[in-house]
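Dear colleague,

Please find below the structure for your review. My findings follow directly after it.

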Amino acid sequence: MSSNQDQVTFTLRVPAALQEAAKTHAKQEHISLNSLIVRLLEREVAQKGKQ
């Protein structure tokens with residue numbers, strides 16, 4: 001992952017049910033919601049790069 005200097009903050013609007021499901025998933029993985037979102041974005045971007 002990048003250093004704090006390389007990170008940005010942005011607002012993400014999602015349905016409440018999706019947020020709750022993501023929170024639950026993050027808790028089960030013992031990671032923060034932010035870490036879960038970053039992992040999922042990284043995975044999706046990497047997958048798109050292979051196509």
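Thr 11 is found in the segment before H1. With a relative accessibility of 68%, Thr 11 counts as exposed, because the exposed class begins over 50%. Please bear in mind that this is a predicted model. Between Thr 11 and Lys 27, which are 16 residues apart in sequence, the C-alpha to C-alpha distance is 21 Å.

The segment before H1 also holds Gln 7. At 39% relative accessibility, Gln 7 is classed as partly exposed, since this value falls between the 20% limit for buried and the 50% limit for exposed. Gln 7 and Lys 48 are 41 residues apart along the chain, and their C-alpha atoms are separated by 21 Å.

Turning to the helices, H1 covers residues 16–29 and H2 covers residues 33–49. Their axes come within 9 Å and cross at roughly 95 degrees. The two helices are therefore roughly perpendicular to each other, as angles of 65 to 115 degrees are placed in that class. On the H1 side, the contact is formed by Ala 22, Lys 23, His 25, Ala 26 and Glu 29, which meet Leu 33, Leu 36 and Arg 39 in H2. By residue class, this contact of H1 with H2 comprises four nonpolar residues, one polar and three charged.

The loop between H1 and H2 contains His 30. The phi angle of His 30 is near 60 degrees, which is a positive value in a residue other than glycine. His 30 is also exposed, its relative accessible area being 72%.

I also examined the second largest pocket. The space within the second largest pocket amounts to about 280 Å³. Which residues line the second largest pocket? The lining consists of Phe 10, Leu 12, Val 14, Leu 18, Gln 19, Ala 22, Leu 33, Ile 37, Leu 40 and Leu 41. H1 and H2 each supply at least two of these lining residues, and H2 provides the largest share, namely four. In terms of class, the lining divides into nine nonpolar residues and one polar, with no charged residue.

Two residues link these last topics. Ala 22 in H1 and Leu 33 in H2 belong to the contact of the two helices, and Ala 22 and Leu 33 are also listed in the lining of the second largest pocket. Charged residues are present in the helix contact, where there are three, whereas the pocket lining has none.

Yours sincerely

Note on methods. Residues numbered from 1 in each chain as written. Predicted model: local features only at pLDDT ≥ 70, side-chain atom pairs only at ≥ 80, totals over all residues. Heavy atoms only, no water. Axes fitted to C-alpha atoms, helices over the stretch in contact; angles between N-to-C directions. Parallel < 35°, antiparallel > 145°, perpendicular 65-115°, else oblique. Contact = heavy atoms within 4.5 Å. Nonpolar A, V, L, I, M, F, W, Y, C, P; charged D, E, K, R; others polar. 1 Å grid on protein atoms, 1.4 Å probe; cavity = no way out; pocket = protein on both sides within 12 Å on 5 of 7 lines; lining within 4 Å. Points joined across faces, edges and corners; volume = space filled by probe spheres on them. Buried < 20%, exposed > 50% of the residue type's maximum accessible area, 1.4 Å probe, protein only.
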